[in-house]
Amino acid sequence: FHEGIEGVPDHDLRERLGRVAALFALHALDEDRGWFLEAGYLERAKARGVRALVNELCGEVREDAVALVDAFGIPAELLGEIAGTAGRGVALAPEPSGPMREREPV
């Protein structure tokens, strides 16, 4: 993924994709922080810093959410309301009904 990002000629797009890559890596680190703390690879203060960075990057990537979902080709019927827009009428797709509504999340 990083090699692909480096080959993107558009500077703005390259930066946006870099934020997505950083978010992915930091989220993975945050999810397994217990192991990293126990093994001594991460200090407690730095673990809190990782969580803060994940939250910061989520805010930065948020403006690109619809474009990212479109780029991954996720079918609209699998998507609900965009997170953080409840009650504002912003939705990627209508709520599923019938068999889709009864399906367990993937």
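Buried means under 20% relative accessible area, exposed over 50%, and partly exposed in between, using a 1.4 Å probe and protein chains only. This is a predicted model: local features need pLDDT of at least 70, side-chain atom pairs count only at pLDDT 80 or more, and totals for chains, interfaces and linings use all residues. Residues are numbered from 1 along each chain as its sequence is written, and side-chain values use heavy atoms, with hydrogens and water left out.

**Exercise 1. Classify Phe36 and Trp35, then describe the aromatic pairs.**

Step 1. Take the accessibilities. Phe36 has a relative accessible area of 23%, so Phe36 is partly exposed. Trp35 is at 52%, so Trp35 counts as exposed. Tyr41 is exposed as well.

Step 2. Set the ring criteria. Rings of Phe, Tyr and Trp (its six-membered ring) pair if their centres lie within 6.5 Å; planes under 30 degrees apart count as stacked, over 60 as edge-to-face and the rest as tilted.

Step 3. Apply them. The whole structure holds two aromatic pairs. The ring centres of Trp35 and Phe36 are 5.0 Å apart and the planes stand at 85 degrees, so this pair is edge-to-face. Trp35 and Tyr41 are stacked, with 5.5 Å centre to centre and 20 degrees between the planes.

Step 4. Join the pairs. Trp35, Phe36 and Tyr41 form one aromatic cluster.

**Exercise 2. Check the length of H2 and locate its cap and its buried residues.**

Step 1. Define the element. Helices (H or I, at least four residues) and strands (E, at least two) are DSSP runs, numbered from the N terminus. The protein has six helices and zero strands.

Step 2. Compute the span. The expected span of a helix is 1.5 Å times one less than its number of residues. H2 has 21 residues and should span 30 Å; its end C-alpha atoms are 30 Å apart, so the two agree.

Step 3. Find the cap. Asp10 caps the N-terminal end of H2, with a side-chain oxygen 3.0 Å from the backbone nitrogen of Asp12.

Step 4. List the buried residues. In H2 these are Ala21, Leu23, Leu26 and Asp30. Their cover includes helix H1 (2–6), helix H3 (33–38) and H4.

**Exercise 3. Which residues make up the largest nonpolar core?**

Step 1. Define the set. A nonpolar core is a set of buried Ala, Val, Leu, Ile, Met, Phe, Trp, Tyr and Cys residues joined through side-chain atoms within 4.5 Å.

Step 2. Name the members. The six residues are Leu23, Leu26, Val50, Val54, Leu57 and Val61.

Step 3. Assign them to helices. H2 (11–31) and H4 (44–62) each supply at least two. H4 gives the most, with four residues.

Step 4. Follow one member outward. Contact means heavy atoms within 4.5 Å. Beyond its neighbours within four places in sequence, Val61 is in contact with Arg19, Val20, Leu23 and Leu68.

**Exercise 4. Find the partners of two buried acidic side chains, Asp30 and Asp64.**

Step 1. Start with Asp30, in helix H2. Its relative accessibility is 6%, so Asp30 counts as buried.

Step 2. List its contacts. Leaving aside neighbours within four places, Asp30 is in contact with Val50, Arg51 and Val54.

Step 3. Turn to Asp64, in the loop between H4 and helix H5 (65–72). At 11% relative accessibility, Asp64 counts as buried.

Step 4. List its partners. Not counting residues up to four places away in sequence, Asp64 touches Arg16 and Arg19.

Notes. A polar contact is a pair of N or O atoms within 3.5 Å; within protein, one must be able to donate a hydrogen and the other to accept it, and residues adjacent in sequence count only if both atoms are side-chain atoms.
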